[in-house]
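The following note sets out numbered remarks for a colleague who has the sequence and the model to hand. Each point may be checked against the coordinates in turn.

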Amino acid sequence: PRDKGLAVDATGLDKDALDDMEAIFGTGEDYAWALELEEDEELHEHEEQ
Amino acid sequence: DNALKNPTKRRRKKDDIDLEDEIDDQIANLKVAMEKACLADNEAREKGMAATHKLKLLPQVTALLNRTSIQDSVLDPETNLLQSVKYFLEPLNDGSLPAYNIQRDIFNALAKLPINKEVLLSSGIGKVVYFYTRSKRPEPSIKRIAERLVGEWSRPVLKRTDDYKK
């Protein structure tokens with residue numbers, strides 16, 4: 001399973017910086033569907049081998 | 001919202017107005033063509049055909065992105081060309097990435113642009129670049145650029161936190 005969340009270690013960030021990071025890079029949910037498709041495909045390939 | 005506020009209204013020299021308007025029109029037209037190409041590529045994929053529409057437009061897109069003399073227009077949050085660039089980089093409906101040439105040329109162009117927080121917020125380009133750092137599909141060379149860009153773009157945001165602490 002892939003880690004969700006921010007592009008950087010958020011420890012010690014204040015709320016404004018966290019909000020900015022999320023506004024710029026998203027929450028990790030934006031393309032989660034594509035990452036899930038990717039994982040499904042990988043799983044499928046493993047099963048076939 | 002950002003488009004309405006127009007926070008970075010460019011200071012225009014009188015003589016440059018015509019030229020800038022012309023470039024803005026050129027960008028606006030290209031944006032429409034880019035968005036159509038994204039839709040057409042998704043439709044092609046769904047029909048099991050090759051997705052070639054974005055590839056055909058790519059030379060025009062990179063030509064604009066790489067023209068240093070028009071960087072102000074390219075990076076203007078109001079014209080928001082980078083929003084269409086984001087659509088170009090997005091995964092297709094089947095989860096596949098756009099052609100390698102698209103990834104390579106656009107990431108190389110992005111790496112050369114002085115992208116600030118304002119244009120990041122208006123375009124959403126950071127979200128798709130961040131996706132490239134997480135996906136296993138891109139070539140290592142592309143992932144490296146994506147990781148570097150995420151680092152560069154987050155630095156001003158994180159630096160502000162440091163400043164507060166001091």
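1. The first remark concerns a bend. Helix H3 of chain B has a kink of about 35°, and this kink is centred on Pro59(B). The model under discussion is a predicted one, and the kink should be read with that in mind.

2. What end-to-end distance should H3(B) have, and what is found? The helix comprises 13 residues, and at 1.5 Å a residue these should span 18 Å. The end C-alpha atoms of H3(B) are 18 Å apart, so the expected and the computed spans agree.

3. Four buried residues may be listed for H3(B): Lys54(B), Leu58(B), Val61(B) and Leu65(B). The cover over the buried residues of this helix includes H2, helix H4 (71-74), H5 and H6 of chain B.

4. The largest nonpolar core holds 38 residues. Within this core, the residues touching the most other members are Val85(B), Phe88(B), Val129(B), Ala146(B) and Val150(B). Chain B gives two or more residues from each of helix H2 (17-46), helix H3 (53-65), helix H5 (81-89), helix H6 (100-112), helix H7 (117-123), helix H8 (125-134) and helix H9 (140-165), and H1 of chain A does likewise. Which element supplies the largest share of this core? That element is H9(B), with seven residues.

5. At the interface, 18 residues of chain A are in contact with 21 residues of chain B. On the side of chain A that touches chain B, helix H1 (15-25) and helix H2 (32-48) of chain A each supply at least two residues. H1(A) gives the most to this side, namely six residues. By character, the residues on this side of chain A are twelve nonpolar, five charged and one polar.

6. Is Asp40(A) buried or exposed? This residue lies in helix H2 of chain A. Asp40(A) counts as exposed because it has 11 C-beta neighbours inside 10 Å, and a residue with 12 or fewer such neighbours is classed as exposed. Asp40(A) and Asp16(A) are 24 residues apart along the chain, and their C-alpha atoms are separated by 36 Å.

7. A final remark concerns the confidence scores. The model has an ipTM of 0.81 and a pTM of 0.85. For chain B the average pLDDT is 90, and 87% of the residues score at least 70.

Technical notes: Residues are numbered from 1 along each chain as its sequence is written. Chains are lettered from A and ligands numbered from 1 in the order in which they are written. This is a predicted model: local features need pLDDT of at least 70, side-chain atom pairs count only at pLDDT 80 or more; totals for chains, interfaces and linings use all residues. Two residues are in contact if their C-beta atoms, placed from the backbone, lie within 7 Å. Ala, Val, Leu, Ile, Met, Phe, Trp, Tyr, Cys and Pro count as nonpolar, Asp, Glu, Lys and Arg as charged, and the others, Gly among them, as polar. A nonpolar core is a set of buried Ala, Val, Leu, Ile, Met, Phe, Trp, Tyr and Cys residues joined through C-beta atoms within 7 Å. A residue is buried if 20 or more other C-beta atoms lie within 10 Å of its own, exposed if 12 or fewer, and partly exposed in between; C-beta atoms are placed from the backbone. The expected span of a helix is 1.5 Å times one less than its number of residues. The bend at a residue is the angle between axes fitted to the seven residues ending there and the seven starting there. pLDDT is the predictor's confidence in each residue, from 0 to 100.
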